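Subject: Structure handover

Hello,

Here is the structure we spoke about. Please open it next to this note, and then read on for what turned up.

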Amino acid sequence: MVSRQMVQLAAATLALCAFSGAGLAGQADVARPGAAKTETPLGVVELFTSQGCSSCPPADELFADFVARKDIVALAYHVDYWDYLGWKDTLSSKKNTERQYAYMRAFGTRSVYTPQAVINGRTHVNGASRSAVADTLARMDKSAQGMRVPIKVTQEGDGVVIEAGDAGTDLATPVDAHVVVVYFEAPQTISIGKGENSGRRETYWNAVSDIQTAGMWHGKAQRYELPMSEISKRGGCAVLLQAMGKDGLPGPILGAAMIRNP
């Protein structure tokens with residue numbers, strides 16, 4: 001583990017999310033007019049990892065298994081605080097590190113670590129432990145900590161429409177949340193030339209490249225329309241309906257969907 005100076009979660013701007021013949025895993029399939037399909041994901045796994053962390057390769061390999069499952073929204077945030085060990089993570093960003101620190105503050109912990117898996121925005125476990133991740137997902141799915149709000153994504157002309165459902169009478173579901181759009185890259189195989197993982201060749205899946213906010217949700221069904229311009233350049237994006245805690249810190253994820261390029 002390593003402690004670092006706390007940072008605020010960066011303010012995000014209006015999301016641009018588009019697709020070209022895209023398919024969606026998780027809460028809903030991308031639906032063309034007249035072809036809507038809705039599914040409920042088991043949950044959301046956010047892995048905080050680094051190419052320069054000697055403990056991370058087993059977690060990255062396990063993460064690939066979760067990516068392959070169509071009932072899980074899986075996102076990998078490469079952080080930059082291990083770069084001083086001799087290898088600069090080619091997929092890392094300050095914004096990814098800031099999101100991990102924001103979770104640290106929300107959970108009331110004193111340090112961050114890799115590999116860390118945040119489940120449904122509610123708790124964290126060792127990202128290299130299959131049983132810890134799988135058991136937490138299953139437990140939350142059977143309780144009020146699972147995905148509670150349906151999300152539907154539809155292509156309409158030159159735009160993408162995100163429809164967040166209604167909280168209904170479920171008092172356990174927060175009624176204020178952000179619609180967060182998380183862009184990720186297509187799979188990349190990286191040869192690591194220096195540092196603790198020198199000589200390794202690893203394939204990284206769903207590496208997050210940007211995080212933006214598309215709007216607010218206040219417990220009632222709401223529609224958000226975004227232009228088709230960005231996702232065709234990347235591997236895809238995830239839509240997270242995420243409650244926000246005090247000081248704008250990330251809270252529980254209430255619903256989710258994932259759009260992929262073919």
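A residue is called buried here when its relative accessible area is under 20%, exposed when that area is over 50%, and partly exposed in between. Keep in mind that this is a predicted model.

**Overall**

The chain has three helices and 15 strands. It counts 262 residues, and 53% of them are buried. Among contacts with a separation of 6 or more, 71% link residues 24 or more positions apart. The exposed surface of the chain is about 11,000 Å², with 50% of it supplied by carbon and sulfur atoms.

**Helix H1**

H1 covers residues 56-68. Its 13 residues, at 1.5 Å each, should span 18 Å. The end C-alpha atoms lie 19 Å apart, so the length agrees with expectation.

Which residues of H1 are buried? They are Cys 56, Pro 57, Ala 59, Asp 60, Leu 62, Phe 63, Phe 66 and Val 67. What do they pack against? Four strands are on the list: E3 (43-49), E4 (72-78), E11 (201-204) and E15 (250-260). Helix H3 (130-141) is on it too.

**Strand E3**

E3 is one of the strands that the buried residues of H1 pack against. Seven of its seven residues are buried, so the rest of the structure largely encloses E3. In a regular strand, side chains alternate between the two faces of the sheet. Both faces of E3 are covered. Gly 43, Val 45, Leu 47 and Thr 49 are buried on one side. Val 44, Glu 46 and Phe 48 are buried on the other.

E3 and E4 run parallel and are joined by seven bridges. In that pairing, Thr 49 of E3 stands opposite His 78 of E4.

**Strand E15**

E15 also packs against the buried residues of H1. Of its 11 residues, 10 are buried, which leaves E15 mostly covered. Its partner E14 (residues 236-244) runs antiparallel to it, with eight bridges between them. Gln 242 has Ile 253 in E15 as its bridge partner. Five residues lie between the two strands of this hairpin. In the hairpin, Asp 247 takes a positive phi near 60°.

**Aromatic pairs**

A search of the whole structure gives six aromatic pairs. Trp 82 and Tyr 84 make one that is stacked, because the ring centres are 6.4 Å apart and the planes meet at 25°. The cut-offs are 6.5 Å for the centres and under 30 degrees for stacking. Are these two residues buried or exposed? Trp 82 is buried, at 13% relative accessible area. Tyr 84 is exposed, at 61%.

Tyr 103 and Phe 107 are also a stacked pair, with 5.5 Å between centres and 15° between planes. Both sit in helix H2 (residues 94-107), four residues apart, so about one helical turn separates them. An α-helix has 3.6 residues a turn, so residues three or four places apart point the same way. Tyr 103 is buried, with 0% relative accessibility. Phe 107 is partly exposed, at 22%.

This pair belongs to a cluster: Phe 48, Tyr 77, Tyr 103 and Phe 107 form one aromatic group. Phe 48 is the E3 residue named above.

**Cysteines**

How many disulfides are there? The count is zero. The test asks for cysteine sulfur atoms within 2.5 Å of each other. Cys 53 is buried, with a relative accessible area of 4%. Cys 56, in H1, is buried as well, at 0%.

**Two loop residues**

Asn 197 lies in the loop between E10 (188-191) and E11. At 5% relative accessibility, Asn 197 is buried. Leaving out residues up to four places away in sequence, Asn 197 touches Gln 51, Gly 52, Cys 53, Ser 54, Pro 57 and Ile 192. Of these, Pro 57 is also one of the buried residues of H1.

Gly 157 is in the loop between E7 (151-156) and E8 (159-164). Gly 157 is exposed, at 58% relative accessible area. Met 228 is 71 residues from Gly 157 in sequence, yet their C-alpha atoms are 9.1 Å apart in space.

Best wishes

Conventions: Residues numbered from 1 in each chain as written. Predicted model: local features only at pLDDT ≥ 70, side-chain atom pairs only at ≥ 80, totals over all residues. Heavy atoms only, no water. Expected span 1.5 Å × (residues − 1). Buried < 20%, exposed > 50% of the residue type's maximum accessible area, 1.4 Å probe, protein only. Contact = heavy atoms within 4.5 Å. Phe/Tyr/Trp six-rings, centres within 6.5 Å; stacked < 30°, edge-to-face > 60°. Areas by Shrake-Rupley, 256 points an atom, 1.4 Å probe, with all protein chains shown as cover. Pairing = 2+ DSSP bridges.
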